[in-house]
Amino acid sequence: MARAVTLIRSTALSDIAEYAYAATAPAESRLIFLAGACPLNDDGSTAAIGDYAGQAAKAMENMQTALAAAGASLRDVISTRVLVASARREDLVAAWQVVRDLFADHDVPSTLMGVTVLGYKDQLVEIEGVAAVLDS
(Lines give C-alpha, C1' and ligand atoms only; values in the text may rest on other atoms or scores of the structure.)
Protein backbone atom coordinates (compact mmCIF):
# COMPACT_ATOMS: atom_id res chain seq x y z
CA MET A 1 0.00 0.00 0.00
CA ALA A 2 1.34 3.41 -0.96
CA ARG A 3 1.89 5.78 1.97
CA ALA A 4 1.27 9.51 1.91
CA VAL A 5 3.85 10.46 4.54
CA THR A 6 7.46 11.16 3.62
CA LEU A 7 9.84 11.76 6.51
CA ILE A 8 12.49 14.44 5.93
CA ARG A 9 15.96 14.41 7.48
CA SER A 10 18.66 17.06 7.19
CA THR A 11 22.39 16.52 7.51
CA ALA A 12 22.59 20.19 8.56
CA LEU A 13 20.79 19.36 11.84
CA SER A 14 21.91 17.21 14.76
CA ASP A 15 21.24 13.49 14.44
CA ILE A 16 20.78 13.10 18.21
CA ALA A 17 16.99 13.58 17.98
CA GLU A 18 15.03 10.33 17.80
CA TYR A 19 12.69 11.61 15.11
CA ALA A 20 12.65 13.13 11.65
CA TYR A 21 12.72 16.93 11.69
CA ALA A 22 9.98 17.33 9.07
CA ALA A 23 7.45 15.37 7.05
CA THR A 24 5.40 15.96 3.93
CA ALA A 25 2.24 14.59 2.38
CA PRO A 26 1.09 15.11 -1.21
CA ALA A 27 -1.79 17.45 -2.03
CA GLU A 28 -4.10 14.53 -2.85
CA SER A 29 -3.76 13.00 0.62
CA ARG A 30 -6.56 13.09 3.18
CA LEU A 31 -5.45 14.63 6.46
CA ILE A 32 -6.68 13.21 9.76
CA PHE A 33 -6.48 15.53 12.76
CA LEU A 34 -6.54 13.54 15.98
CA ALA A 35 -7.80 14.88 19.28
CA GLY A 36 -5.37 14.39 22.11
CA ALA A 37 -5.32 10.67 22.89
CA CYS A 38 -5.83 10.27 26.62
CA PRO A 39 -5.04 7.29 28.86
CA LEU A 40 -8.71 6.46 29.45
CA ASN A 41 -10.21 3.02 29.87
CA ASP A 42 -13.48 2.06 28.15
CA ASP A 43 -15.44 3.03 31.31
CA GLY A 44 -13.89 6.54 31.30
CA SER A 45 -11.55 5.91 34.23
CA THR A 46 -7.91 6.92 33.99
CA ALA A 47 -5.55 4.02 33.30
CA ALA A 48 -2.21 3.42 35.00
CA ILE A 49 -2.56 6.07 37.70
CA GLY A 50 0.85 7.43 38.68
CA ASP A 51 2.64 5.61 35.83
CA TYR A 52 3.94 7.80 33.00
CA ALA A 53 4.93 4.89 30.76
CA GLY A 54 1.68 3.05 31.44
CA GLN A 55 -0.38 6.11 30.57
CA ALA A 56 1.65 6.69 27.40
CA ALA A 57 0.97 3.09 26.36
CA LYS A 58 -2.79 3.45 26.96
CA ALA A 59 -2.89 6.80 25.13
CA MET A 60 -1.08 5.23 22.17
CA GLU A 61 -3.52 2.31 22.21
CA ASN A 62 -6.40 4.78 22.10
CA MET A 63 -4.70 6.75 19.32
CA GLN A 64 -4.39 3.55 17.27
CA THR A 65 -8.11 2.89 17.76
CA ALA A 66 -8.98 6.41 16.54
CA LEU A 67 -6.63 6.02 13.57
CA ALA A 68 -8.20 2.69 12.61
CA ALA A 69 -11.66 4.29 12.71
CA ALA A 70 -10.37 6.89 10.24
CA GLY A 71 -8.81 4.26 7.96
CA ALA A 72 -5.22 4.85 9.07
CA SER A 73 -2.45 3.42 11.25
CA LEU A 74 0.64 4.66 13.07
CA ARG A 75 2.53 4.43 9.75
CA ASP A 76 0.27 7.22 8.45
CA VAL A 77 1.00 9.69 11.26
CA ILE A 78 2.82 12.78 10.03
CA SER A 79 3.48 14.50 13.39
CA THR A 80 2.84 14.21 17.12
CA ARG A 81 2.84 16.32 20.25
CA VAL A 82 3.39 14.44 23.52
CA LEU A 83 2.19 16.31 26.60
CA VAL A 84 3.40 15.14 30.01
CA ALA A 85 2.17 16.64 33.28
CA SER A 86 5.55 16.98 34.95
CA ALA A 87 8.53 19.29 35.26
CA ARG A 88 10.88 16.30 35.64
CA ARG A 89 12.82 15.33 32.53
CA GLU A 90 12.81 11.67 33.69
CA ASP A 91 8.99 11.59 33.53
CA LEU A 92 8.95 13.10 30.05
CA VAL A 93 11.54 10.56 28.87
CA ALA A 94 9.54 7.67 30.38
CA ALA A 95 6.46 8.66 28.36
CA TRP A 96 8.50 9.48 25.23
CA GLN A 97 10.27 6.14 25.19
CA VAL A 98 6.92 4.31 24.95
CA VAL A 99 5.77 6.55 22.10
CA ARG A 100 9.12 6.26 20.30
CA ASP A 101 9.19 2.47 20.61
CA LEU A 102 5.67 2.08 19.22
CA PHE A 103 6.45 4.24 16.18
CA ALA A 104 9.65 2.20 15.62
CA ASP A 105 11.33 3.19 12.33
CA HIS A 106 8.45 5.54 11.42
CA ASP A 107 10.04 8.25 13.59
CA VAL A 108 7.68 11.14 12.85
CA PRO A 109 8.45 14.76 13.73
CA SER A 110 7.44 15.17 17.37
CA THR A 111 7.34 17.67 20.18
CA LEU A 112 7.70 16.54 23.80
CA MET A 113 6.38 19.03 26.34
CA GLY A 114 6.11 19.20 30.10
CA VAL A 115 2.84 20.85 31.13
CA THR A 116 1.30 21.85 34.43
CA VAL A 117 -1.92 19.84 34.31
CA LEU A 118 -4.05 17.81 31.91
CA GLY A 119 -7.83 17.54 31.69
CA TYR A 120 -8.80 14.29 33.41
CA LYS A 121 -8.38 13.31 37.05
CA ASP A 122 -4.99 11.61 37.56
CA GLN A 123 -4.04 12.15 33.89
CA LEU A 124 -0.30 12.43 33.26
CA VAL A 125 0.02 11.97 29.47
CA GLU A 126 -1.83 13.11 26.33
CA ILE A 127 -0.70 12.58 22.73
CA GLU A 128 -1.90 14.67 19.78
CA GLY A 129 -1.31 13.70 16.18
CA VAL A 130 -1.95 14.39 12.53
CA ALA A 131 -2.04 11.64 9.90
CA ALA A 132 -2.21 11.59 6.11
CA VAL A 133 -3.56 8.82 3.90
CA LEU A 134 -3.97 8.22 0.19
CA ASP A 135 -7.45 6.91 -0.51
CA SER A 136 -7.64 4.54 -3.47
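**A four-stranded sheet and its surroundings**

In this predicted model, four strands form an open sheet in the order β3-β6-β4-β5, with mixed pairing. Strands (E, at least two residues) and helices (H or I, at least four) are DSSP runs, numbered from the N terminus, and two strands pair if DSSP finds at least two bridges between them. The edges are held by β3 (30-37) and β5 (110-114), each of which has a single partner strand, so one side of each lacks a neighbour in the sheet. On average, neighbouring strands are turned by 10° against each other, direction ignored; axes are lines fitted to C-alpha atoms, for helices over the stretch in contact, and angles run from 0 to 180 degrees between N-to-C directions.

At one edge, β3 runs antiparallel to β6 (residues 125-133), and six bridges join the two. Here Phe33 stands opposite Val130 in β6.

Two helices lie across these strands. Helix α1 (residues 52-69) crosses β3, β4 (77-84) and β6, at about 30° to β6. Helix α2 (residues 89-103) lies across β4, β5 and β6, at about 160° to β4.

Ser29 belongs to the loop between β2 (22-24) and β3. Its relative accessibility is 14%, and it is therefore buried (under 20% relative accessible area; exposed is over 50%, partly exposed in between; 1.4 Å probe, protein chains only). Ser29 touches Ala4, Ala132, Val133 and Leu134, leaving aside residues up to four places away in sequence; contact means heavy atoms within 4.5 Å.

Residues are numbered from 1 along each chain as its sequence is written, and side-chain values use heavy atoms, without hydrogens and water. Local features need pLDDT of at least 70 and side-chain atom pairs count only at pLDDT 80 or more, whereas totals for chains, interfaces and linings use all residues.
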